[in-house]
Amino acid sequence: MTTTSQKTALITGANKGIGKETARGLAALGITVLIGARDAERGEAAAEELRADGADVRFVPLDVTDEMSVESAAKYIDATFGRLDILVNNAAIAAGPQKPSETVAATVRQVYETNVFGVIAVTHAMLPLLRRSAAARIVNMSSELGSLTHLADPGSPWSPYSSMLLPYCTSKSALNAITALYANELRTEGILVNAVSPGYCATDLNRHTGIRTAEEGATIAVDMATLAKDGPAATFRSENGPIPW
């Protein structure tokens with residue numbers, strides 16, 4: 001095991017989109033970034049792209065829905081770095097548009113495997129490593145579509161989208177609850193846990209229909225991953241400020 005004073009961050013689903021741009025942003029701050037991805041070819045290609053800019057970025061095989069894969073990633077980080085300073089739970093999937101009344105449980109279950117259970121599996125596996133950090137940070141990539149306040153308001157600008165995306169929206173609501181619960185337990189240990197919304201960014205998740213760039217969406221994740229010691233915990237926010245739960 002090698003210990004280093006340089007911070008190390010793990011980002012799930014970081015071979016593309018907002019995850020990759022979050023990796024780019026953290027690496028630009030001198031942080032060693034581990035790109036977690038299921039696809040080895042794409043993961044290594046993303047790491048190579050960022051290394052070309054002089055960043056210390058490495059690919060780590062990681063399928064958040066496979067607990068053996070998660071454990072292997074934790075063992076690699078333990079053996080190579082001895083600790084983890086930042087965890088960004090970014091990996092997520094969505095199902096196609098469908099009315100809630102037409103959505104079957106199997107579709108919801110599939111989305112939850114990545115967006116909810118995957119986050120719990122990765123966080124659980126990485127916590128022993130995060131606890132070795134002097135100032136660990138956990139950032140959960142949520143969405144304004146997970147806001148119960150927005151979901152309950154038919155006049156919300158998010159209403160046309162949320163009314164057709166039960167699996168995705170409710171998975172992000174669950175993620176927000178998970179964030180608050182972890183935050184309340186871990187803040188006494190100096191581990192700050194927060195949820196962020198990148199906004200409606202053009203990514204593969206929405207077939208690049210978003211109005212923001214992935215780079216713009218990554219800004220809030222980078223900011224919350226590098227919070228100062230007196231930074232907040234158990235918050236849900238975008239770059240424009242707090243979002244109602």
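**Sheet order and helix packing in a predicted model**

Five bridges connect strand β5 (residues 137-141) with strand β6 (residues 192-196), and the two strands run parallel. At the start of this pairing, R137 has L192 as its bridge partner in β6. The model described here is a predicted one.

A helpful place to go next is the sheet as a whole. Eight strands form an open sheet with mixed pairing, in the order β3-β2-β1-β4-β5-β6-β7-β8. The edges are taken by β3 and β8 (241-242); each has a single partner strand, so one side of each is left without a neighbour in the sheet.

At the β3 edge, strand β2 (residues 32-37) is joined to strand β3 (residues 57-61) by five bridges, and these strands run parallel. Within this pair, A37 finds its bridge partner in P61 of β3. The connection is made through helix α2 (residues 40-51): β2, α2 and β3 together make a right-handed β-α-β unit.

Other helices also pack on the strands. Helix α1 (residues 17-27) lies across β1 (8-12), β2, β3, β4 (86-89) and β5, and runs at about 170° to β1. Helix α3 (residues 67-81) packs on the sheet as well, where it touches β1, β2 and β3, and its direction makes about 145° with that of β3.

Turning to helix-helix packing, two packed helices are described by the angle between their axes and the distance between the axes. For helix α4 (residues 105-130) and helix α7 (residues 166-186), the axes come within 8 Å and cross at roughly 20°. Angles under 35 degrees count as roughly parallel, and α4 and α7 are therefore roughly parallel to each other. Their crossing is right-handed. The contact involves many side-by-side positions that are easy to follow in the structure: from α4, the residues include T107, V111, N115, V119, T123 and L127, while those of α7 include L166, T170, A174, I178, Y182 and L186. Tyrosines appear in both helices, with Y112 in α4 and Y168 among the residues of α7.

One backbone detail deserves a look of its own. Most residues other than glycine have a negative phi, and most peptide bonds are trans. In A234, however, phi is positive, near 60°, although the residue is not glycine. This alanine is found in the loop between α8 (214-225) and β7 (236-238). Is A234 buried or exposed? Its relative accessible area is 19%, and because the limit for a buried residue is under 20%, A234 counts as buried.

Definitions and conventions:
Residues numbered from 1 in each chain as written. Predicted model: local features only at pLDDT ≥ 70, side-chain atom pairs only at ≥ 80, totals over all residues. Heavy atoms only, no water. Pairing = 2+ DSSP bridges. Helix = DSSP H or I, 4+ residues; strand = E, 2+ residues; numbered from the N terminus. Right-handed = clockwise from strand over helix to strand, strands pointing away. Buried < 20%, exposed > 50% of the residue type's maximum accessible area, 1.4 Å probe, protein only. Axes fitted to C-alpha atoms, helices over the stretch in contact; angles between N-to-C directions. Parallel < 35°, antiparallel > 145°, perpendicular 65-115°, else oblique. Left-handed = near helix turned anticlockwise from the far one by under 90°. Contact = heavy atoms within 4.5 Å.
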